[in-house]
Amino acid sequence: MNFSDELLQWYQKNKRELPWRHTADAYVIWLSEIILQQTRVEQGLPYFNRFLEKYPDVASFAAAHEDDILKLWQGLGYYSRGRNMLKTARMVQEQHNGKFPQRYEQLIKLKGIGEYTASAIASFSTNEAKAVVDGNVYRVIARYFGISEPINSTKGKKIFQQTANDLLNKKHPGLHNQAMMEFGATLCKPKNPACGICLVRQGCYAFLHNAVTSLPVKLNKIKVRERYFNYFLITDAHNILMNKRDERDIWANMYDLPLIETSSLLPPDELLALPETESFFGPDIKILEISPYKKHVLTHQRLYVRVIKLQDKPVKLKKDWFFTPIENLEKLAMPKIIFIFIKNIFNL
């Protein structure tokens, strides 16, 4: 029995029961694939269910307002995925008459769909013979074949894709891809893989050479940027001052509080003495309360966030600042860390 046959046999006995595995609907598969990118199944499943319930087809998704998509997406992170999904749905509605494409060559042309997602949708919906290579598949292939070429190098990507193509079960490509991904997600895990019960361990290079923890290899290209966010809370009994973010930075088009970013952790008196702070809040600023800094880690950034409550008084509004009734806050799509701050303040 070859590698693929053993994998399929294992998958049929051990696969998790997930809703998108019982459909060939390309729209539903696309929805699950985008939501689950860089997201654990346990975390992503409730989001998948909520999105499918509210937007059961491409037409309803395409007709949605971006604010509604971002609000539903709130807490998942990587918010560009949600924005790109809306663009994709509208492209499908306009260019494919609302019928979600199933073939790789059509899928790869859509916004936010790369080689991995196009291969996944094509193989799961029509059994097109396209090998899927995600993080789980990289790990399985690297360990089993002992490939030490970095998975994020140009040469490495070609090697892993070619190996995945060679392994692909041409009769059952959709099942094979599902099995590879499931095997990596539940058994050949990044940490503490279940080698003791692995059905293919006797052919696995990493298991036989004690190299499980050293494979796969990844080049460390990420330079982490540290940023310091000082949010200001101005509210009376009924309204709160909010900010609508633009498209040029993280959390594009979402809502947060008025913000002054600094290059380091500043004491309150130095922060209030900044010309920018004084120009908006006036010279006689009175601080009522300061939260401790909370660290918020993103892929390429490390944020240090605090909220400073100011005495309610007239302020000079920046372009995207606006007052809104407190009861409207639950309708606004906010970054998770801001939503938690506000939720705790107002007991939402």
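Select Arg248 to begin: this residue is exposed, with a relative accessible area of 76%. The accessibility classes used here are buried for under 20% relative accessible area, exposed for over 50% and partly exposed in between, computed with a 1.4 Å probe on protein chains only. The model is predicted, so that local features need pLDDT of at least 70 and side-chain atom pairs count only at pLDDT 80 or more, while totals for chains, interfaces and linings use all residues. Residues are numbered from 1 along each chain as its sequence is written, and side-chain values use heavy atoms, with hydrogens and water left out.

**Salt bridges**

Keep Arg248 selected and add Asp246: their side chains form a salt bridge at 2.7 Å, N to O. The term denotes a side-chain nitrogen of Lys or Arg within 4 Å of a carboxyl oxygen of Asp or Glu. Asp246 is partly exposed, at a relative accessible area of 28%. The structure holds 10 such salt bridges.

Next, select Arg245 and Asp249, whose side chains meet in a salt bridge of 3.6 Å, N to O. Arg245 is buried, with a relative accessible area of 8%, whereas Asp249 is partly exposed at 28%.

Proceed to Glu261 and Arg227, which are joined by a salt bridge of 2.8 Å, N to O. Glu261 belongs to strand β4 (residues 259–262) and Arg227 to strand β1 (residues 225–233), so the pair ties together parts that are 34 residues apart in sequence. Helices (H or I, at least four residues) and strands (E, at least two) are DSSP runs, numbered from the N terminus. Glu261 is partly exposed at 35% relative accessible area; Arg227, at 3% relative accessibility, counts as buried.

Now display Arg227, Arg245, Asp249, Asp256 and Glu261 together: they are linked in a network of salt bridges.

**Helix α11 and its partners**

Select helix α8 (residues 115–126) and helix α11 (residues 173–186), which pack at an angle of about 130° with their axes 8 Å apart. Axes are lines fitted to C-alpha atoms, for helices over the stretch in contact, and angles run from 0 to 180 degrees between N-to-C directions. The two helices, α8 and α11, are therefore oblique to each other; angles under 35 degrees count as roughly parallel, over 145 as roughly antiparallel, 65 to 115 as roughly perpendicular and the rest as oblique. To see the contact (heavy atoms within 4.5 Å), show Tyr116, Ser123 and Phe124 of α8 with Pro173, Gly174, Asn177, Gln178 and Met181 of α11.

Retain α11 and add helix α1 (residues 3–14): the axes come within 9 Å and cross at roughly 70°. The helices α1 and α11 are therefore roughly perpendicular to each other. Residues in this contact include Trp10 and Tyr11 of α1, and Met180 and Phe183 of α11.

**Helix α5**

Move to helix α5 (residues 66–73), where the buried residues are Asp67, Ile69, Leu70, Leu72 and Trp73. Among the elements covering these buried residues of α5 are α2 (26–36), α3 (41–54), α6 (80–95) and β2 (239–244). Then select Gly75, which follows α5 and has a positive phi, near 105°.

**Gly282**

Where does Gly282 lie? Select it in the loop between α14 (275–281) and β5 (287–290). Gly282 counts as buried, at 15% relative accessibility. Finally, add Val307: the C-alpha atoms of Gly282 and Val307 are separated by 18 Å, and the two residues are 25 residues apart along the chain.
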